[in-house]
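Hi,

Here is the structure I said I'd pass on. Have a look at it first, then read my notes underneath.

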Amino acid sequence: MAASKPVEPQAGTGLPRWQLALLVGTPIVLGVGAVYLWNRSRSKDGNKRTGERKTPEGSASPVVQGQEDGAAPEQDYMSPLDRAQAAKNKGNKYFKAGKYENAIQCYTEAIALCPTEKKTDLSTFYQNRAAAYEQQMKWTEVVQDCCRAVEMNPRYVKALFRRAKALEKLDNKKECLEDVTAVCILEAFQNQQSMLLADKVLKHLGKEKAKDKYKNREPMMPSPQFIKSYFSSFTDDIISQPLQKGEKKDEDKDKEGEAAEVTESSGYLKAKQYMEEENYDKIISECTKEIDSGGRYTAEALLLRATFYLLIGNATAAQPDLDRVINMQDANVKLRANALIKRGSMYMQQQQPMLSTQDFNMAAEIDTSNPDVYHHRGQLKILLDQVDEAVGDFDECILLRPDSALAQAQKCFALYRQAYTGNNPSQVQTAMDGFEAVIRRFPKCAEGYALYAQALTDQQQFGKADEMYDKCIELEPDNATTYVHKGLLQLQWKQDLDLGLELISKAIEIDNKCDFAYETMGTIEVQRGNLDRAIDMFNKAINLAKSEMEMAHLYSLCDAAYAQTEVARKYGLKPPTL
């Protein structure tokens with residue numbers, strides 16, 4: 001796939017990344033390598049609470065002093081609280097029998113009988129009545145009774161969680177998130193049910209906000225380093241090649257004594273000249289001139305314009321241009337194949353893997369000898385967890401272009417992930433040996449060192465991983481992403497927060513459009529308890545997001561941090577910090 005950094009499959013914790021903004025005090029994963037910012041003991045997975053909270057509280061069979069089985073309690077000798085408890089217990093019997101209206105009447109009686117100073121008991125009665133209303137799907141009444149329960153007992157987990165579920169049903173996602181965040185913190189993130197609800201709400205909120213924001217966002221050109229890295233992932237791409245002698249602009253040919261070859265003025269050729277000068281902001285407009293004039297380079301201009309639309313995050317504008325190139329039967333087959341690769345990558349970003357796979361397969365059919373097709377399809381297969389097919393594609397790429405260092409490194413990485421997730425030590429070692437062979441053969445390939453460093457981090461060979469990142473920086477000193485990964489390594493390896501933050505700050509200094517750096521900084525600030533700064537970092541990353549899906553994920557992180565600030569304000573609940 002057309003990407004500017006190594007493929008990063010889902011890390012092995014099984015936790016969604018929003019928990020990086022919430023799950024303070026537990027192992028954290030960023031990128032491929034596990035980054036443990038904080039360690040504290042947690043119960044085993046088998047001890048996690050997963051059952052739903054459906055039943056009311058209290059015994060269903062009241063036990064009153066002097067009462068025999070089946071006998072009515074002696075009301076004359078019972079205190080108001082005892083009578084309230086008896087009404088509640090009678091309600092519990094009705095609840096278990098599925099007679100919810102009768103149960104509600106009993107809980108209402110208990111509330112009326114209970115002395116107002118007995119706040120804990122009253123909160124239980126309200127919570128039980130809310131449970132009965134929940135069974136009747138009377139969500140407004142559930143919220144009202146849970147509010148009363150929480151007023152009297154602010155850390156009442158059952159009431160908070162029941163209110164969260166009712167708020168979700170009422171489509172009040174913001175307050176639902178705050179309640180379920182409080183529940184997660186109170187339960188030390190050990191209950192899967194509350195974790196799943198939080199994840200669900202955050203994803204919905206993220207998608208809603210991203211859909212609106214992305215549609216109205218101002219297009220933003222990425223940094224020159226990002227653009228150069230993007231184009232370097234293609235080796236058979238006509239539009240990214242330097243101007244050939246026969247393509248030079250008229251005035252340049254005059255200077256070289258080649259006036260006899262003068263051709264018409266071309267917006268596309270000007271756009272390519274701007275590419276060489278890294279004057280990227282002018283490329284789309286020059287391509288548009290070529291297209292509108294019906295010039296000889298119309299197909300090339302369409303593809304180049306679509307590529308820059310994708311780079312600025314405007315997939316809506318890019319797709320018609322890509323479609324036109326793909327359907328130009330008389331166009332150079334390499335242009336059509338490249339357009340299919342880019343449209344396939346776009347579909348994958350939009351979470352449409354079937355359409356993505358179709359485009360890559362079509363590209364392989366029309367241009368069987370194009371190594372880019374197999375390289376990028378191999379990356380797609382890794383994301384789809386089809387590792388055997390990915391390795392086959394990388395092998396085909398290497399066969400067509402034996403000097404493709406990146407394809408060889410990606411193949412090693414695919415084999416490593418397969419062995420690592422399959423818990424096969426001998427195959428892990430084989431993959432690690434493969435990395436060694438790649439960096440010996442291609443000592444100038446920064447991506448090879450970066451992928452090897454991530455695998456070494458997984459294996460907790462931190463010192464050697466650090467050396468590999470140093471080699472990356474030596475080869476590509478302006479690659480901000482490497483500084484972020486090296487900073488995360490310091491946190492995991494040495495628990496050196498200051499050095500980690502210094503390196504991530506350096507990444508932002510190098511490339512102030514590096515969304516990965518802002519996202520990582522925000523996550524660490526959550527860990528430190530600096531929630532306002534974390535939200536600021538997430539918002540900066542949101543403004544730089546290159547796809548709606550990426551923006552939705554960042555909104556999830558930001559919303560999780562904001563919910564935590566509200567929980568701290570309302571209930572005084574704060575997880576442990578670094």
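Below is what turned up, starting with the ground rules.

This is a predicted model, where local features need pLDDT of at least 70 and side-chain atom pairs count only at pLDDT 80 or more, while totals for chains, interfaces and linings use all residues. Residues are numbered from 1 along each chain as its sequence is written, and side-chain values use heavy atoms, leaving out hydrogens and water.

Let's start with the greasy parts. The largest nonpolar core (buried Ala, Val, Leu, Ile, Met, Phe, Trp, Tyr and Cys residues joined through side-chain atoms within 4.5 Å; buried means under 20% relative accessible area with a 1.4 Å probe, protein chains only) has 54 residues. Helix 12 (residues 298-311) gives the largest share of this core, ten residues. Helices here are DSSP runs of H or I, at least four residues, numbered from the N terminus. Ile-283, Leu-304 and Phe-308 have the most contacts inside the core. Leaving aside neighbours within four places in sequence, Phe-308 is in contact (heavy atoms within 4.5 Å) with residues including Met-221, Phe-231 and Ile-283. Another core, of 51 residues, lies apart from that one, with Tyr-133 and Met-152 among its members. In soluble globular proteins, nonpolar side chains do tend to be buried together.

Now helix 25 (residues 531-544). Its buried residues, among them Leu-531, Phe-538 and Leu-544, pack against helix 7 (192-216), helix 24 (515-528) and helix 26 (548-571).

Have fun exploring!

Notes: Buried means under 20% relative accessible area, exposed over 50%, partly exposed in between (1.4 Å probe, protein chains only). Helices (H or I, at least four residues) and strands (E, at least two) are DSSP runs, numbered from the N terminus.
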